[in-house]
Amino acid sequence: MMSNRFARHLATVSSIHGAVKRRTPCFAYDYFVGGVNEELCKSQNRTALENVQLIPQYRNGSINSSTKTTIFEKEYSIPFGIGPVGGGDFIWPGAAEALARAAAKNGFLFIPGTMTSVCIETVRKISDGHDWFQLYAGVHKDFTKRTLSQLKELGVRVLVITIDMAAPTYRWREERHNLSYPPNITPRSITDALLYPIWTANQIWKGFPKFPNVERFMPTGFPRNKTEDFIDEYMMGVPSLDGFQFIRNHWDGPIVIKGILSENDLSEYRNAGADGAIISNHGGRQLDAAPATVEVLPKLREAVGDDFVLLVDGQCWTGLDVARYIASGANFVIAGRAPYLSVAAVGTNGAEFFAQRMCEDFKNTLIQLGCSAPSELPYFKCNLANS
């Protein structure tokens with residue numbers, strides 16, 4: 001059972017945000033929760049998800065629901081995973097590794113990526129052979145080929161390619177703090193950090209968050225103090241369909257495309273050899289006019305049928321939210337902000353609290369609905385147009 005102490009103080013999304021604000025500097029909080037422009041897309045993700053209603057059905061009496069889900073030939077305790085988060089340890093030192101351990105212990109997915117603060121070897125060791133990785137492929141084919149070869153040697157089987165980082169965006173929360181990597185040390189940031197001595201002491205002890213997976217891919221001789229330049233040149237930009245086909249030809253495991261919102265893109269990537277897609281608007285951090293993911297999900301499911309793997313992200317906080325997304329057409333749900341903010345709210349023990357809460361809440365939701373398995377959830381979605 002989850003810790004009652006944590007459950008009492010972190011009962012809602014707003015209470016978690018409040019706890020994080022009391023424990024972390026403003027610049028760290030703003031970096032992590034911010035969206036692009038007016039942050040309409042980020043807000044709409046949450047509003048639209050909350051509007052998904054599920055209708056319980058009790059005619060079968062008390063049931064014993066199974067939450068297990070298989071994706072790409074591997075079984076997980078629930079259809080949920082922690083997605084790749086860039087610089088996640090900035091919100092709380094050690095958060096990424098703590099979440100990887102909690103995910104492994106509770107049997108759900110953790111996806112390390114190019115910009116995560118924990119290296120893939122650590123995740124594989126923690127998770128007993130974990131085999132997913134998210135890559136910013138960029139447009140340099142020679143670099144991509146070399147990177148894919150490295151990932152194969154590391155035992156990666158499922159490759160996630162992010163395609164929605166086409167251009168820099170205006171994130172006003174980051175702009176007002178002049179955030180960059182390496183970080184700018186200013187009198188304002190020093191003053192802010194000193195107001196949060198536990199966060200600051202942990203950052204000093206752990207060292208400022210690095211990108212160990214990026215550094216692995218950097219060519220020999222590339223200055224390590226030029227990490228941001230390397231990322232901009234080699235990892236940003238969207239591979240064309242030709243670029244994706246190049247990746248497909250050099251990768252023999254499943255490939256998942258992250259950042260899909262349109263039926264045309266989904267169809268084209270599927271025809272080009274993608275094995276799955278993550279329906280995502282990058283958490284509202286790239287295009288403020290993008291639709292909420294749960295709004296486009298049903299049409300995308302209809303477009304590809306039942307056999308194509310669809311994952312989704314966007315302001316998922318609870319097991320109920322996982323059920324809402326599965327009922328709307330997803331096979332699997334990914335979250336980024338919620339698990340990391342849960343850690344920041346109470347420290348690294350928050351990782352296990354988040355994992356237990358997610359598992360318990362999802363199972364209890366299925367039982368409350370009268371649903372025996374995640375695959376049945378679409379039958380419990382409320383269709384207001386036909387009610």
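Begin by selecting strand β6, residues 158-162, in this predicted model. The strand is mostly covered, with five of its five residues buried. Display the side chains next: V158, V160 and T162 point one way from β6, while L159 and I161 point the other way. In a regular strand, side chains alternate between the two faces of the sheet.

Now add strand β5, residues 132-135. β5 and β6 pair in the parallel sense over four bridges. Within this pairing, F133 stands opposite L159 in β6.

Which helix lies across β5 and β6? Select residues 141-153 to show helix α7, which lies across both strands and runs at about 165° to β5.

Widen the selection to the whole sheet. It is an open sheet of eight strands with parallel pairing, in the order β4-β3-β10-β9-β8-β7-β6-β5. The edge strands are β4 (109-110) and β5, each of which pairs on one side only. At the β4 edge, select strand β3, residues 80-82, which runs parallel to β4 and is joined to it by two bridges. Here I82 stands opposite F110 in β4.

Finally, turn to a pair of helices: α2 (residues 13-23) and α17 (residues 337-346). Their axes are 8 Å apart, and the helices pack at an angle of about 55°, which makes α2 oblique to α17. Their crossing is left-handed. To view the contact, select I16, H17, A19, V20 and R23 in α2 together with L341, S342, A344, A345 and V346 in α17. The residues of this contact divide into seven nonpolar, two polar and one charged.

Terms used
Residues are numbered from 1 along each chain as its sequence is written. This is a predicted model: local features need pLDDT of at least 70, side-chain atom pairs count only at pLDDT 80 or more; totals for chains, interfaces and linings use all residues. Side-chain values use heavy atoms; hydrogens and water are left out. Axes are lines fitted to C-alpha atoms, for helices over the stretch in contact, and angles run from 0 to 180 degrees between N-to-C directions. Angles under 35 degrees count as roughly parallel, over 145 as roughly antiparallel, 65 to 115 as roughly perpendicular and the rest as oblique. A crossing is left-handed if the near helix is turned anticlockwise from the far one by less than a right angle, and right-handed if clockwise. Contact means heavy atoms within 4.5 Å. Ala, Val, Leu, Ile, Met, Phe, Trp, Tyr, Cys and Pro count as nonpolar, Asp, Glu, Lys and Arg as charged, and the others, Gly among them, as polar. Buried means under 20% relative accessible area, exposed over 50%, partly exposed in between (1.4 Å probe, protein chains only). Two strands pair if DSSP finds at least two bridges between them.
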